[in-house]
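User: Please take a close look at one part of this structure, the small open sheet and the charged side chains around it. Then follow the contacts outward to the rings and helices elsewhere in the chain.

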Amino acid sequence: MKHLLCFLGLFLIPGIGSFDLVIDEIPDEVENLIDLEIDGFPSSSKMRNGRYQRSTSDWGYVGDLVEDDDKIGLYSYKVQSTITSRLANTMIQAKMVNNAKRSQHIVFDVQVPKGAFIDNFTMDVNGITFTSRIREKSEARKMYSQAKAKGKAAGIVRSNALDMENFKTEVNVPPGTRIQFELHYHEMIRRKLSSYEHVISVKPGRLAKHMEVDVRIIEPQGLRYVHVPNSLGDHFNGITTISKGEKKAHVSFKPTMAQQRKCPTCSSTAVDGNFVVQYDVNRETTGGELEIFNGYFIHFFAPENLDPLPKNILFVIDVSGSMWGLKMKQTIEAMKAILSELRAADQFSLIDFNHNVRCWRDNLVSATPSQVEDAKKYIQTIQPNGGTNINEALLRATFILNEAQNLGMLDPNSVSMIVLVSDGDPTVGELKLTTIQKNVKQSIKDEFSLFCLGIGFDVDYDFLQRIATDNRGMAQRIFGNQETSAQMKNFYNQVSTPLLKKIQFNYPQESVSDVTQSSFHNYFGGSEIVVAGKVDTENLQHLESIVTATAANAELVMETLRDVEELDGFMKKDKYADPDFTRKLWAYLTVNQMLAERNTAPTAALKRNITKSILQMSLDHHIVTPFTAMLIENEEKDEIMLADQPKDPRRGCCPGTLGLTPNAPNNNKGIPAWANVTAVPVSFMPEQRSPPVSSLSINRVDNDPHFIIHLPKSQRNICFNINSEPGKILNLVSDPGTGVVVNGQLVGAKKMENKKLNTYFGKIGFYFKNKGLKVEITTETITLKDGSYSITLTWSDTGHIIRKQLLISVKKENNVTITVGEEMSFMVVLHRVWKKHPVNVNFLGIYIPPENQFSPEAHGLIGQFTSEPEVYIHDQRPGQDPEKPQATMEVKGNKLTVTRGLQKDYRTERVLGTEVRCWFVHNSGKGFIDGHYTDYLVPTLYSFLKKP
């Protein structure tokens with residue numbers, strides 16, 4: 001592996017005397033860095049008024065330092081990191097002193113996570129301070145060349161490790177010199193496997209008089225948990241402290257000098273590794289979380305409680321001679337574990353290749369236990385040898401997937417993917433990488449994704465990056481060592497659970513601009529999609545987003561609405577929160593997107609245009625990218641250093657996205673015109689979000705529970721109550737003709753009042769037999785079930801679920817509307833009460849329009865009134881209550897005494913309700929309903945009513 005060194009040049013300070021810097025030679029190809037790319041996501045840098053000012057004069061007493069034989073003392077080693085809504089700003093500072101009687105080298109050597117970008121490096125030598133600014137690379141390089149010509153160039157060495165990039169500078173200083181190094185970088189913490197993981201390399205190299213790692217987390221969504229694994233070893237058990245609040249947390253690691261020692265008498269430090277903080281946030285809505293601040297919005301999207309989509313997966317494994325030994329052994333171990341994790345609904349096959357291509361099966365097979373076991377045995381017999389024919393192997397894989405799709409073998413809601421594992425460049429067959437990329441692009445279907453694992457440094461990772469990104473996948477470098485198997489399994493776990501496909505984010509075009517990537521091919525469980533943009537907060541009170549996606553058993557339409565000033569108070573009160581986090585995250589995502597587009601640009605002209613855009617964006621937002629460099633100067637600006645990005649011809653520009661899905665025409669109704677919704681395979685979307693029913697023409701069950709039956713012909717409302725026991729299930733509609741069932745399960749109040757326990761509907765079930773769909777609505781969730789698959793929204797969501805021409809529309813904390821074609825609709829209203837109310841509980845109300853097209857066979861407490869009975873009300877007279885007159889009602893051959901009263905319709909006014917006048921039938925509707933109310937009890941939430 002050839003590492004590129006990142007160089008820092010310095011015009012030496014005349015007043016320092018013997019102070020100088022170690023000079024590292026610059027590679028000849030450094031002038032071509034303008035066309036190079038870097039591995040990792042760039043992030044914006046904050047100028048902090050253009051520079052940092054630090055001085056060694058504030059050190060205080062520096063005695064009692066533990067020195068190695070070189071007499072160099074580490075006065076303090078401090079790491080401070082603040083995470084604001086996934087944006088981590090980190091500072092690493094080391095204060096050192098040369099107590100020897102001779103000049104010697106002092107080294108500052110730290111590791112920065114790949115994907116993070118350094119936004120400042122300062123150095124203070126005996127009070128002479130250097131600060132930094134960002135410039136276009138060729139301009140900065142010219143200054144460096146001038147310094148080099150004078151023999152005054154010095155270098156910062158940056159090289160690559162597993163998940164880190166090494167940053168090292170070495171300074172030769174005279175006796176008694178105090179020197180302070182300070183490095184600042186920031187990164188976006190990405191969610192993997194249901195956790196955000198912030199990794200900080202802590203390797204001071206010697207005992208520090210003052211040692212501290214301080215991490216603060218500010219997450220407006222609220223913190224679900226914060227965990228600090230024992231990544232530095234058992235030596236430091238019990239030293240880390242965690243203080244966690246609802247939305248903030250503070251993690252502190254502050255070992256004393258005695259605790260840092262490897263042993264009580266050792267002079268070496270045990271602090272040598274990564275300090276890791278893991279956390280996750282609360283998620284109340286399926287549609288994601290919108291955070292709006294300072295003219296930018298960030299949309300975090302990580303839905304949970306979804307059934308996995310079935311996978312069609314082809315593993316394409318390099319078994320050429322270079323894979324011999326540990327790499328092959330680790331690959332086999334990983335593959336056996338991965339095969340064991342395939343789900344019963346998945347289909348798979350294996351392809352192994354060297355100069356030839358072999359298929360374990362020529363077609364996809366179901367992941368049954370016997371097939372999985374057979375595939376493991378096949379993997380175990382592989383013996384690496386020969387060359388590498390990547391082109392033919394990938395084309396064979398795409399052929400198998402295409403053939404399966406053409407034969408109708410793939411579930412329309414499944415996700416198809418190819419996983420390539422290789423450790424080298426093509427040596428057999430087609431050797432031109434651009435041709436291979438073109439061939440795969442032409443052969444692979446738009447529905448397929450390609451994921452690439454590059455083992456070791458011999459593989460052309462840049463090529464794997466391009467070909468994966470070009471085909472809606474991503475690439476990852478796997479390092480060929482004892483951890484290869486674990487790295488492979490970890491990568492597979494990130495893509496093993498697809499939950500959504502064809503995800504499209506939509507925002508009102510007149511209110512937002514410069515939106516980052518908003519179409520995604522897949523969403524994998526445990527990850528997170530982040531979209532950002534600019535928003536006109538001056539002329540907008542609320543920002544609405546609509547996300548459409550295909551789930552395992554439904555089409556989803558999820559809405560989110562946020563007040564543009566909602567975060568203002570929270571952010572202004574917290575002194576640690578980064579007030580610029582939204583702009584930084586937007587810049588981070590935008591530049592990363594442009595780098596990915598540049599990486600796959602088909603023409604040189606397009607690549608040049610993208611490069612210009614990246615450069616301008618980098619300068620505007622002070623971001624160190626492949627096209628900018630950092631100038632480090634003293635106050636007089638006559639002493640200059642230069643920091644560049646590392647060059648690695650085997651590295652791509654940045655981790656690939658999940659792929660772009662082109663915008664599709666808006667063929668859906670019921671969605672705002674500005675929402676450019678991805679086309680979905682459904683033939684129906686109602687024109688209105690709520691069924692077109694008037695407030696007077698409705699059959700409803702609400703409160704404890706009150707039934708109100710509207711009789712359209714006589715224009716009368718008839719009411720009755722049902723007094724039953726908690727847990728009992730009442731049938732409301734049972735229609736064998738249309739295959740529709742509506743049942744409600746009762747829940748009781750917390751205690752009796754007036755010697756009576758009131759009951760309410762706590763759960764309502766809908767069964768649409770002809771579609772095979774069930775809907776269960778509780779006071780907490782709304783769940784659609786289709787066979788073994790299910791999808792759940794909460795009352796915190798606003799969104800839609802579409803499945804087999806059935807639409808479920810959820811209005812946050814208000815109501816759910818179920819619409820079936822143009823034939824029928826239902827509305828369920830949520831009633832929330834104070835959690836600590838001594839008596840009342842949350843409950844549901846249901847509203848059914850009499851216009852619903854039930855069959856003549858319909859029955860149930862409400863369904864029986866599809867055929868309206870003749871009702872004659874006469875002999876109206878005063879009742880015991882003057883405001884509630886009585887009358888005689890003749891219906892179904894019965895004469896009943898009824899009372900005039902008021903009931904409530906809660907559809908439009910959920911708290912107070914709208915008053916509806918009706919004639920009340922006593923004794924649980926006896927005489928008005930057929931038989932006794934107990935005749936309408938059913939055993940399950942989806943049972944049809946048995947015919948008498």
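Analyst: What follows starts at the sheet and moves outward to salt bridges, rings and helices. This is a predicted model, in which local features need pLDDT of at least 70, side-chain atom pairs count only at pLDDT 80 or more, and totals for chains, interfaces and linings use all residues. Residues are numbered from 1 along each chain as its sequence is written, and side-chain values use heavy atoms, with hydrogens and water left out.

The sheet is open and has four strands in the order E10-E11-E16-E13, with antiparallel pairing. Strands here are DSSP runs (E, at least two residues) and helices are DSSP runs too (H or I, at least four residues), numbered from the N terminus. Two strands count as paired if DSSP finds at least two bridges between them. Strands of a sheet pair through backbone hydrogen bonds, either parallel or antiparallel. The edges are strand E10 (191-192) and strand E13 (223-227); each has a single partner strand, so one side of each is left without a neighbour in the sheet. E10 pairs with strand E11 (residues 195-202) in the antiparallel sense over two bridges, and Arg191 stands opposite Tyr196 in E11.

The loop between E10 and E11 contains Leu193. Leu193 has a positive phi of about 55° although it is not a glycine. Most residues other than glycine have a negative phi. At 39% relative accessibility, Leu193 counts as partly exposed (buried means under 20% relative accessible area, exposed over 50%, partly exposed in between, with a 1.4 Å probe and protein chains only). Asn126 is another non-glycine residue with a positive phi, of about 50°. Asn126 lies in the loop between strand E5 (117-125) and strand E6 (128-136), and at 45% relative accessibility Asn126 is also partly exposed.

Arg191 also takes part in a salt bridge, with Asp280, at 3.0 Å from N to O. A salt bridge is a side-chain nitrogen of Lys or Arg within 4 Å of a carboxyl oxygen of Asp or Glu. Asp280 lies in strand E16 (residues 273-281) and Arg191 in strand E10, so this pair ties together parts that are 89 residues apart in sequence. Both Asp280 and Arg191 are buried. The two belong to a network of salt bridges that links Arg86, Arg191, Glu219, Arg224, Asp280, Arg283, Glu304 and Glu528. By the rule above, the count comes to 30 salt bridges.

Arg216 forms a salt bridge with Asp214, the closest N and O atoms being 3.7 Å apart, and both residues are buried. Arg216 also lies over the face of Tyr576, at 3.8 Å from the ring centre. A charge sits over a ring if NZ of Lys or CZ of Arg is within 6 Å of the ring centre and within 35 degrees of the ring normal. Lys774 gives another case, with its charged end over the ring of Tyr767, 5.4 Å from the centre.

Next come the contacts between rings. Rings of Phe, Tyr and Trp (its six-membered ring) pair if their centres lie within 6.5 Å; planes under 30 degrees apart count as stacked, over 60 as edge-to-face and the rest as tilted. The count comes to 25 aromatic pairs. One of them is the stacked pair of Phe348 and Trp360, 5.2 Å centre to centre with 25° between the planes. Phe348 lies in strand E20 (residues 347-353) and Trp360 in the loop between strand E21 (357-359) and strand E22 (365-366), so the pair ties together parts that are twelve residues apart in sequence. Both Phe348 and Trp360 are buried. Tyr760 and Phe843 are stacked as well, at 4.8 Å centre to centre and 25° between the planes. This pair joins strand E39 (residues 759-768), which holds Tyr760, to strand E47 (residues 843-848), which holds Phe843, 83 residues apart. Tyr760 and Phe843 are both buried. Phe301, Phe505, Phe520 and Tyr523 form one aromatic cluster.

Among the helices, H10 (residues 581-599) has 19 residues and reaches 27 Å from its first C-alpha to its last, close to the 27 Å expected at 1.5 Å a residue. The expected span is 1.5 Å times one less than the number of residues. In H10, 18 of the 19 residues are buried, so the helix is largely enclosed by the rest of the structure.
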